[in-house]
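User: I would like to learn how to read the fold of a chain and its contacts with other chains. Could you take me through them step by step?

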Amino acid sequence: MSTFPLASFGGAIEFIFTPQESNVTGGNKVGGFDKSLELVLKHLEVTALALAIAVIVALPLGLYLGHKGRGELFAVGFGNAGRAIPELAVIALVAVLIGVGLKTVAPALAILGIAPILVNTYVGVRQVDPAAVEAARGMGMSELAIIRKVELPLAVPTVMGGIRSAAIVILATATIAPLAGVESLGDFILNRNVYGENGLLAGAILVALLAMTIEGSLALLQRRLTSDGLKVKTA
Amino acid sequence: MASPLLLAAAGQVGGDFFKERESGTLPCQADESHLFCFDWAKENIDRYGTPTQQHLEIVLLSVVIGFAIAFALALFAHRSRWAQPPLLAATGVLYTIPSIAFFFLLLPVTGFGRDTAVIVLAAYTLQIIYRNTILGLANVPDSVKDAARGMGLTNRQILWKVELPLAIPEIIAGLRVAVVSTIAIATLVVFINAGGLGTQMYGSGNLTFPTSIIIAAAIVMAMALAFDLVLLTAQRLATPWRRVRPA
Amino acid sequence: MNEPAASSVRYQEATKRYGSSSTPAVDKLTLEVPAGEICVLVGPSGCGKTTAMRMVNRTVEISEGDVLVGEQSVRDREPAQLRREIGYVIQQIGLFPHRTISENIGAVPQLLGWKKERIRERSAELLELIGLDPELGDRYPAQLSGGQQQRVGVARALAADPLVMLMDEPFGAIDPINRERLQNEFLRLQAEIRKTVLFVTHDIDEAIKMGDRIAVMREGGRVEQYATPAELLMAPANEFVEDFVGADRALKRLALMRVRDIHLWEAPLAHVGQASGEVRAKLAAPDVEVPFPLLVDSERRPLGWLSERDLAADVVPNQPDSPLGPVLELDDVMRDALADLLQGETQYAPVVDHSGRIAGVLSVEIISEFLASPEAKSDEHAAVERPHG
């Protein structure tokens, strides 16, 4: 390992863009832009898939429970418990017991994301001004319409917060998805023999950048989805 | 909480497992084909001692350091409000970077081992503790602060005797989340040779087997639950005024 | 109690300017509040009355001019020290939620370094003074009603025996019934302890009731008139004051009187077991003022009004037909007494003294006669001192 941090980073940046010599594969070059891009996309793929599953499962459930005001103990307890699940165990168990590959890993990652989405959606809906809901009901809106037109829009900031939390944990865990046979940027990190020190660092840099990009995009999305009425500062 | 797939798998694997046990032909084996092997667990429970201790040490060190820094930052930002947005953003960035990536990003600087682990884990706790502390302080009613000032308390006295005690519930709520999250994430420090319970899930370069993984995960979660309850109790004890029924 | 400890308060061209605004919030205010008096600062929202009050304990810093407490400039004092000698009561009360009532009351003494024993004694003393059960001392503010909390707020302000009390709409957040009660209690208290009080309110009726002197203010903290309540009602300085005081000045003057100040009528009294004939004889007397007999007990405490049906029997029954209705006290402020009469939808109400014994009967007629009388309209009457406790 180079003693000068900056030099190491320099080496890593190079790795991302230009294929390098590798000790192991003897002759075949590793790294480079194409490979980096491929892994970034693979990483995104599994993250997006898992996040989608998590949203599909947890969002409606959270909306329903929040709207009805039931199951607080369940939703909040789930949220707390979810935070305590060690991601490594999830990946490891999936790989060892069930099988490798996207089909098994994506749902497993989704589990990690269900907890924050469920909790935040539940809480977000509960915090909606009950007067607004009452008024909507009095106007003759159906329960479903109330959820769609009143509660969900007003709960957007909190709900999106949950989705962002889920995205972070899923993306982070996807880094060790190679342990379960799913390619991702973790490949660079976990296979040091193949990709070398530079690959290791390159993988870390790419994951960090990817995470910040996703987080930033979701933040922007949240800003766009939040109705203007919620954004104005009270007089 | 268990994935439905896992349960289905358990059914399949478990079936074999129980069949074997009943017939008494095969001894319980600690390998991939068995979901959980009680015998092995009983015999090998000792090997979890050191990893658990390592795990605890790293978690405690990280949380204490993280809390100290975040708390100090929050106190500063409470008075100098201009600092709030940048600090929130900075702690947020540290939280967004996945811990594994963070571990390896620090490799050139601090190398493998516990130091890197603690730095990363502490950085992870900063946002939640900072944000909750600021929130807790902001939630103190203006009228209480007005009365305190008018009565002759100095700014320092107001902070330590009025604002912070009233902010305790929020602060501890943040601390709870930080502790639970850190306990879970600390399983990953195995990747930078810092020990911990992750070593029982991912040995040297390979995943271990279900029984070992499950026991380690169970210890992690039990630890998280225990700390959560302790902190919750501490908060209840520290805030007797919240336990009374309002008039 | 302790020796009377109160200082005068003097504003000397005190001015407060905010930021770059050209118009000051308080403009060259000059006012003197004699020690031991309640000075009410009253005016419409935004007139600067609260700002002016806060200049005394420097929760608002003085831009120009000065404020003297007991002939010493507040600008020479260290703010925190200064504030510990000045009682401070605000509208939203602001009790510390995380401290018990006793601890709240003892907050300033604790800051001043009193011994624990003395603080405890003082808290108990004040709890009694404000009329709260000493048991409440160990409760938390959330367990008390709004009225109780506000009383604790006053007790807290009094705990260290301050030289001056600042009260900013202290009863504003309380419901009208309890507000009246709190006002009366504070006046009773003030009669005993005689603090110098700066009292801010937007309610002219409260001002008239509470103030020894009233400063009517308008925007810019300008004082349009600084006078006793009587002067204010009889001789408003200009149109602004007149408008602010309101067109019902005559009715407002009732706030300056107590029930004892007026000549009460007498009702024929009846005792349980007395022969009805006797009572009827009293009723028939030519000079009777109230045409209904009032049933009283052996202590001459009123029990109820007797009707014809009651007197049909030989002997006066112990359960009168008509309920008692509102019972007034000699010390009641006349305006409140009139309100009670009107609210009780009754023409007559018995008036009792401190021990509950009958002292006379008040009727709406008496009051309206008084208002119409030449005596009430004369300036001489207006010079009558506002009644103290």
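Analyst: We begin with conventions, then turn to chain A, and then to the contacts of chain B. This is a predicted model, in which local features need pLDDT of at least 70 and side-chain atom pairs count only at pLDDT 80 or more, while totals for chains, interfaces and linings use all residues. Residues are numbered from 1 along each chain as its sequence is written, and chains are lettered from A and ligands numbered from 1 in the order in which they are written.

User: How many helices and strands are there in chain A?

Analyst: Helices (H or I, at least four residues) and strands (E, at least two) are DSSP runs, numbered from the N terminus. Chain A has 10 helices and 2 strands, and its elements follow the order α-β-β-α-α-α-α-α-α-α-α-α from the N terminus.

User: How many residues of chain B and of chain A take part in their contact?

Analyst: Two residues are in contact if their C-beta atoms, placed from the backbone, lie within 7 Å. Here, chain B contributes 41 residues and chain A 39 residues, with α10(B) giving the most to the side of chain B that touches chain A, namely 9 residues.

User: And which residue classes make up that side of chain B?

Analyst: Ala, Val, Leu, Ile, Met, Phe, Trp, Tyr, Cys and Pro count as nonpolar, Asp, Glu, Lys and Arg as charged, and the others, Gly among them, as polar. The side of chain B that touches chain A has 33 nonpolar, 6 polar and 2 charged residues.

User: What does chain B present to chain C?

Analyst: In that contact, 17 residues of chain B meet 22 residues of chain C, and α8(B) supplies the largest share of the chain B side, 7 residues.
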